[in-house]
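Welcome! Here is a short tour for anyone meeting this structure for the first time. Please keep the view open as you read.

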Amino acid sequence: MNSKRSIQMLLAEDNASDADLILASLAKVGLAEVIHVVHDGVETLDFLFCRGEYADRLQEPSIRVIVLDVKLPKVDGFEVLRELKADARTRSIPVVMLTSSNIERDVARGYQLGVNSYLQKPIDFERFRETVRHLGLYWMTMNEPPPVWSRIGAGQ
Amino acid sequence: MVREPPKVLTSSGGETKGQGVALPVMVYPAQDSPLLDALMDGESVHQLLVDSRGDYAVFMLDSNGIVASWNKGAEQIKGYSRDEIVGRHFSVFYPAEDRTRGKPERELVIAARDGRFEDEGKRVRKDGSEFWANVVLSAVRDRTDALVGFVKVTRDLTEERAARERALTNAQALEAVNAELEAFTYSVSHDLRAPIRQIEGFSKILEEHLGKSLDPQVEHYLRRIQDGSQQMGRLVDDLLHLAQLGRQHAKPRLTSLDSLIDEVLTNLRAEIMERDVKCRVGALPTVVCDPGLMKVVFTNLVSNAVKYTRRREKAVIEIGHVVKDGEPVIYVRDNGVGFDMKYADKLFGVFQRLHRAEEFEGAGVGLATVSRIIRKHNGTIWAEAAPDQGATFFFTLGTAAPDETTHTG
Ligand SMILES: Nc1ncnc2c1ncn2[C@@H]1O[C@H](COP(=O)(O)OP(=O)(O)OP(=O)(O)O)[C@@H](O)[C@H]1O
Ligand SMILES: [Mg+2]
């Protein structure tokens, strides 16, 4: 959301309240400013491939994780996942799917499409906050990004 | 000429079976007049036997399938008068496609060979309309075992078939409605999760933002919002659970309840140890049940027992079984607050509670879940209690068929 620091997490979440709660949860651990929020599947893909309203965006190599809600308007989370795993420029960016469903079929589908992690949003806010913080800290600070990642910017 | 009265016998294959009827067959002395004649003349007896049954078309065919006699039932069902039909081939009763495929002739061959042929299918009335019929065709033989013809009994099943189909579609419709209802509950409870979390979340964040400077009244209201949303969250989760249960099929297998209850008590250890609750577990049988679901049953019953003995200094929970009518009856007994049996019919309803939330927290979903599971096992559940005298919950498991491939315990 902030242009001064490079974006490290792309959060695709159409529910504004949930997006707010996620940002609030991550603000406490100082990670909120490096998050960019997109609101549907098309915007997610436009952002990642620098198209449409993001045509001017430089393909940054800085994104360490994409957090994808399953139920996204226009193009759903699975479709977004499929497209970005099919493209060399985005394939190696870790993707975490966040969902309010634990329907087995969905989980299996996510993994088949190459998701790196699949998380159910806990209904209880405290646990939700914990989950989101762990997610943020793990993928943005602890996880070693793939080496390919540094070359993404050169792609295109 | 004096003719011996014909003897009425039952043809070889004429036993009553399904929609079929016992067929009287005339057997004439062999030395008598031409066979067809005999058949025709025997009609008086025949008439006696069959005219009383207007819902049956009963008529005779000669060995070539030519209609030789006709009764009132036949006239009613098929629409031909006796004069119109006698002397014509019986294939006129069949739909055109059956006729071209030689079905009528084939039936005669089978009936001649086996003594009897039974069929259910479409037949045609004089006016061309179709009806659904049960047909029994029986061969008639004389003493020398020569084929003299056939008796054909046709019953109009159109009404019956429609009723059968209605019953079937009703059952299917009911099942579909149930499935839809469960899917609806599932998706509703699902979609309710997000807003509940949001209410809870923002009220927490608000509280944190206001910090120490919080007006006690504001703090109180915020607490209320949080309590409400948390309670709603639990309700939704319980509903979700119940809906999932409805969609799930019991997978019964041979299960030792002894080891199952050990697991349940281990999981509930924290609750049990918190107070001085004594658990007495008697020998439990090995039964056919879905072990996962049975754990849910015991977990609910035992945690109720723990909860509703809270005011007892010495809480005692007893788990065991008795054999009644050769069937194990499993029980969970406690010496807690009990309840008035007047309200016993409410126990197993969803969201039905016999105690106030201030006294004992809960949603009233536990026993509804339990009774669903017991029902899935073809069992029954009931309770005995009195106010302040403790409560006992009994259940049986019916006779669920084991899934032979898997065994535990
Ligand atoms: N062992 C018991 N002793 C006395 N009352 C009981 C006992 N078990 C159940 N009840 C009564 O039956 C009601 C329904 O029980 P049920 O387990 O369905 O709901 P609950 O315990 O109130 O809530 P939860 O959904 O958390 O289980 C309870 O509210 C209580 O009034
Ligand atoms: Mg309960």
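Why does Leu192(B) count as partly exposed? Its relative accessibility is 30%, so Leu192(B) falls into the partly exposed class, which covers the range between under 20% for buried and over 50% for exposed. Please bear in mind that this is a predicted model. The points below start from Leu192(B), then turn to chain A, to the salt bridges, to a buried residue of chain B and to the ligand.

**A nonpolar patch on chain B**

- Leu192(B) sits in helix α7 of chain B.
- Together with Phe184(B), Val188(B) and Met232(B), Leu192(B) forms a nonpolar patch on the surface.
- The accessible area of these four residues adds up to about 330 Å².
- Helix α7 of chain B, which spans residues 158-210, gives the largest share of the patch, with three residues.

**Chain A at a glance**

- Chain A contains five helices and five strands.
- Read from the N terminus, its elements follow the order β-α-β-α-β-α-β-α-β-α.
- Of the 156 residues in chain A, 53% are buried.
- Among the contacts in chain A with a separation of 6 or more, 67% are between residues 24 or more positions apart.
- The exposed area of chain A is about 7,300 Å², and 51% of it is supplied by carbon and sulfur atoms.

**A salt bridge across chain A**

- Side chains of opposite charge can pair when their charged atoms come close.
- Over all chains, the structure holds 34 salt bridges.
- One of them pairs Asp18(A) with Lys121(A), whose closest N and O atoms are 3.1 Å apart.
- This pair links distant parts of the chain, with the two positions 103 residues apart in sequence: Asp18(A) belongs to helix α1 (residues 16-27) of chain A, while Lys121(A) is in the loop between β5 (117-120) and α5 (125-142) of chain A.
- Asp18(A) counts as buried because its relative accessibility is 1%.
- Lys121(A) has a relative accessibility of 5%, so Lys121(A) counts as buried too.

**A network that joins the chains**

- Arg129(A) and Glu126(A) meet through their side chains in a salt bridge, at 3.2 Å from N to O.
- Both residues lie in helix α5 of chain A, three residues apart, which is about one turn of the helix.
- Arg129(A) is buried, with a relative accessible area of 7%, whereas Glu126(A) counts as partly exposed at 32% relative accessibility.
- Arg129(A) also forms a salt bridge with Glu208(B), where the closest N and O atoms are 2.7 Å apart.
- Because Arg129(A) lies in helix α5 of chain A and Glu208(B) in helix α7 of chain B, this pair joins two chains.
- Glu208(B) is partly exposed, with a relative accessible area of 36%.
- Through salt bridges that share partners, Lys28(A), Glu126(A), Arg129(A), Glu200(B), Lys204(B) and Glu208(B) are joined into one network.

**A buried phenylalanine in chain B**

- Phe150(B) is part of strand β6 of chain B, which runs over residues 147-156.
- With a relative accessible area of 1%, Phe150(B) is buried.
- Leu61(B) is 89 residues away from Phe150(B) in sequence, yet their C-alpha atoms are 5.0 Å apart in space.
- Leaving aside residues up to four places away in sequence, Phe150(B) touches a set of residues that includes Phe59(B), Met60(B), Leu61(B), Leu108(B), Ala111(B), Leu137(B) and Val140(B).

**The surroundings of ligand 1**

- Ligand 1 is surrounded by 19 residues, and the closest are Asn304(B), Asp334(B), Arg353(B), His355(B) and Leu367(B).
- An N or O atom in the side chain of Asn304(B) is 2.8 Å from an oxygen atom of the ligand.
- For Tyr308(B), a side-chain N or O atom is 3.0 Å from an oxygen atom of ligand 1.
- With Leu367(B), the contact involves the backbone: a polar backbone atom there is 2.7 Å from an oxygen atom of ligand 1.
- Ligand 1 taken alone exposes 590 Å², and the protein buries 93% of that.

Key. Residues numbered from 1 in each chain as written. Chains lettered and ligands numbered in written order. Predicted model: local features only at pLDDT ≥ 70, side-chain atom pairs only at ≥ 80, totals over all residues. Heavy atoms only, no water. Patch = residues over 30% accessible without salt bridge, like charges linked within 9 Å, V, L, I, M, F, W, Y side chains within 5 Å. Areas by Shrake-Rupley, 256 points an atom, 1.4 Å probe, with all protein chains shown as cover. Helix = DSSP H or I, 4+ residues; strand = E, 2+ residues; numbered from the N terminus. Buried < 20%, exposed > 50% of the residue type's maximum accessible area, 1.4 Å probe, protein only. Contact = heavy atoms within 4.5 Å. Near = heavy atom within 4 Å. Polar contact = N/O pair within 3.5 Å; in protein donor to acceptor, adjacent residues only side chain to side chain.
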